[in-house]
Amino acid sequence: MISSKFFIDTLNSHGIHFFAGVPDSLLKSVCAYLSDQLDEKHHIIAANEGGAIGMAAGYHLATGKIGCVYLQNSGEGNIINPLASLTDREVYNIPVLLLIGWRGRPGVHDEPQHIKQGKVTTDLLDTMGVAYSILSKCEDDASRQIAQAVDYMKETNGVYALVIEKDTFDPYTSKLGRNDKSALSREEAIQTVASSIDEKDVIVSTTGMISRELFEYRVQNGEGHERDFLTVGSMGHASQIALGIALNKNDRRIWCFDGDGAAIMHLGGMAIVASEAPKNYIHVLFNNGAHDSVGGQPTVGLDINFCAIAKAVGYTASFITADRDGLIRILNDVKKMDGPVLIVVCVKKGNRRDLGRPTTTPIQNKEALMAFLSD
Ligand SMILES: Cc1ncc(C[n+]2csc(CCOP(=O)(O)OP(=O)(O)O)c2C)c(N)n1
């Protein structure tokens with residue numbers, strides 16, 4: 001395995017000093033090391049991966065230097081547009097070094113949402129004309145690959161990708177403290193909301209721990225999963241899936257269980273929810289100020305005012321709480337109101353060590369939900 005320090009020092013020695021991206025569990029050590037070592041000008045956790053390419057392009061325009069963008073391969077979809085219409089050699093021809101965590105690599109067991117993306121990860125790079133290599137786990141070889149990547153980018157101004165397999169980096173834990181602003185756990189908050197909703201209501205939950213904790217709540221209660229759409233992938237789109245259901249099933253409330261990282265990734269979705277004004281829409285945002293599901297890297301979630309954003313775009317009301325009693329009071333009030341309503345629940349980071357994963361397949365989940373909705 002490679003140490004994060006060695007990897008970043010080697011990139012620095014080649015003049016790469018700017019990093020932007022969206023965290024990934026396979027890149028957890030590198031992300032933690034960057035957060036510990038670099039100031040906010042040199043390391044920015046982006047809203048989405050496309051935005052990170054934009055920042056690296058702007059950095060190049062301003063400095064003439066090459067920036068590095070890190071992402072999980074799930075984020076390849078978010079970078080296709082800026083790769084094709086910004087950095088490509090037929091457009092502005094701007095060099096960027098990509099670090100892509102390869103979830104779902106064929107032959108390596110992974111969750112359903114990573115299987116397809118894992119299969120097409122390198123094909124997409126080929127299609128986009130992005131040169132790449134799979135980073136070696138041996139430091140000497142990795143060092144040679146980095147030198148080749150930098151030579152390539154300097155000669156051609158092209159984008160180059162280092163594809164990162166599981167267990168490439170030594171474990172590294174951030175020295176930064178947790179700084180939790182709430183005593184309420186996300187799992188307790190999820191259970192509080194899920195236990196208060198009507199029998200006909202539906203929950204659309206976002207990717208990561210939120211869906212896993214909702215799934216386990218149903219298991220613990222001996223309930224089925226037909227009322228929940230567990231958005232295992234498609235980060236940032238749960239609010240729009242919920243909108244699509246809400247607009248077509250006016251006779252029941254649709255609850256979106258969102259994360260701060262996911263909401264920020266495609267924040268514009270809130271404006272569309274508000275403009276469509278579904279009365280039966282309740283958006284619950286579990287805000288821990290972190291990308292908790294992939295290692296707890298910070299988001300700007302606790303620095304921004306989601307309630308003010310919701311109000312500004314036209315939600316009928318917005319509420320914030322950091323405790324269970326407050327949440328129960330808000331839930332009682334909200335049920336008497338027309339939506340769309342936003343409830344921000346400030347929760348602490350972290351999850352149960354023995355938290356399981358959905359045991360039903362995505363297709364089973366979809367079919368059960370559709371049958372439930374057609375009742
Ligand atoms: C497009 C995309 N980029 C990155 C990821 C990796 N990823 C999965 S969950 C997650 C963090 C989600 O954070 P948040 O929405 O705040 O929920 P939390 O995990 O904190 O509960 C990330 C970055 C992904 N699945 N898809």
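Here are a few worked exercises on this predicted model, covering its ligand, its cavity and some unusual backbone spots.

**Exercise 1. Find which residues come nearest to the ligand, and which elements supply the shell around it.**

Step 1. Start with the neighbours. There are 21 residues around the ligand, and those that come nearest are Glu 49, Arg 186, Gly 261, Ala 290 and Ser 293.

Step 2. Now look at the polar atoms. On the side chain of Glu 49, an N or O atom sits 2.6 Å from a nitrogen atom of the ligand. Gly 261 uses its backbone instead: an N or O atom there is 2.7 Å from a ligand oxygen. Then there's Asn 288, with a side-chain N or O atom 3.0 Å from an oxygen atom of the ligand.

Step 3. Ask how much of the ligand is covered. On its own, the ligand has 590 Å² of accessible area, and the protein covers 95% of that.

Step 4. Turn to the elements. Two of them, α10 (260–265) and β11 (290–291), each give two or more residues to the shell. The largest share is four residues, and it comes from α10.

Step 5. Sort the shell by class. You get eight nonpolar, nine polar and four charged residues.

**Exercise 2. Locate the largest cavity and describe its lining.**

Step 1. The idea first: rolling a probe the size of a water molecule over the atoms shows where empty space is left.

Step 2. Count what turns up. The structure has one cavity of 30 Å³ or more, and the largest cavity holds about 40 Å³ of space.

Step 3. Walk around the wall. The lining is made of Gly 236, Ser 239, Asp 258, Ala 262, Ala 263, His 266, Gly 269, Met 270 and His 283. The elements giving two or more residues to this lining are α10 and α11 (268–276). You've met α10 already, as the source of the largest share of the ligand shell.

Step 4. Check the chemistry. The lining splits into three nonpolar, five polar and one charged residues.

**Exercise 3. Which peptide bond is cis, and where is its proline found?**

Step 1. Keep the usual picture in mind: most residues other than glycine have a negative phi, and most peptide bonds are trans.

Step 2. Go to the bond from Gly 339 to Pro 340. Its omega is near 0°, making the bond cis.

Step 3. Place the proline. Pro 340 falls in the loop between α13 (324–334) and β14 (341–346).

**Exercise 4. Are Asn 93 and Asp 167, two non-glycine residues with positive phi, buried or exposed?**

Step 1. Take Asn 93. Phi is about 55° here, and the residue belongs to the loop between α4 (76–87) and β4 (96–101).

Step 2. Take Asp 167. Its phi is near 60°, and you'll find Asp 167 in the loop between β6 (160–164) and α7 (186–194).

Step 3. Apply the cut-offs: under 20% relative accessible area is buried, over 50% is exposed, and anything in between is partly exposed. Asn 93 has 22%, so it counts as partly exposed. Asp 167 has 48%, so it is partly exposed too.

**Exercise 5. Place Asn 351 and say how far it is from Asp 292, in sequence and in space.**

Step 1. Asn 351 lies in the loop between β14 and α14 (362–374).

Step 2. At a relative accessible area of 34%, Asn 351 is partly exposed.

Step 3. Along the sequence, Asn 351 and Asp 292 are 59 residues apart, while their C-alpha atoms are 8.5 Å apart in space.

Technical notes:
Residues are numbered from 1 along each chain as its sequence is written. This is a predicted model: local features need pLDDT of at least 70, side-chain atom pairs count only at pLDDT 80 or more; totals for chains, interfaces and linings use all residues. Side-chain values use heavy atoms; hydrogens and water are left out. A residue is near a molecule or strand if one of its heavy atoms lies within 4 Å of it. A polar contact is a pair of N or O atoms within 3.5 Å; within protein, one must be able to donate a hydrogen and the other to accept it, and residues adjacent in sequence count only if both atoms are side-chain atoms. Accessible areas come from the Shrake-Rupley method with a 1.4 Å probe; for residues, only the protein chains shown count as cover. Ala, Val, Leu, Ile, Met, Phe, Trp, Tyr, Cys and Pro count as nonpolar, Asp, Glu, Lys and Arg as charged, and the others, Gly among them, as polar. On a 1 Å grid over the protein atoms alone, a cavity is a set of points where a 1.4 Å probe fits but cannot get out, and a pocket is an open set with protein on both sides within 12 Å along at least five of seven lines; lining residues have an atom within 4 Å of a point. Grid points are joined across faces, edges and corners, and a volume is the space filled by probe spheres set on the points. Buried means under 20% relative accessible area, exposed over 50%, partly exposed in between (1.4 Å probe, protein chains only).
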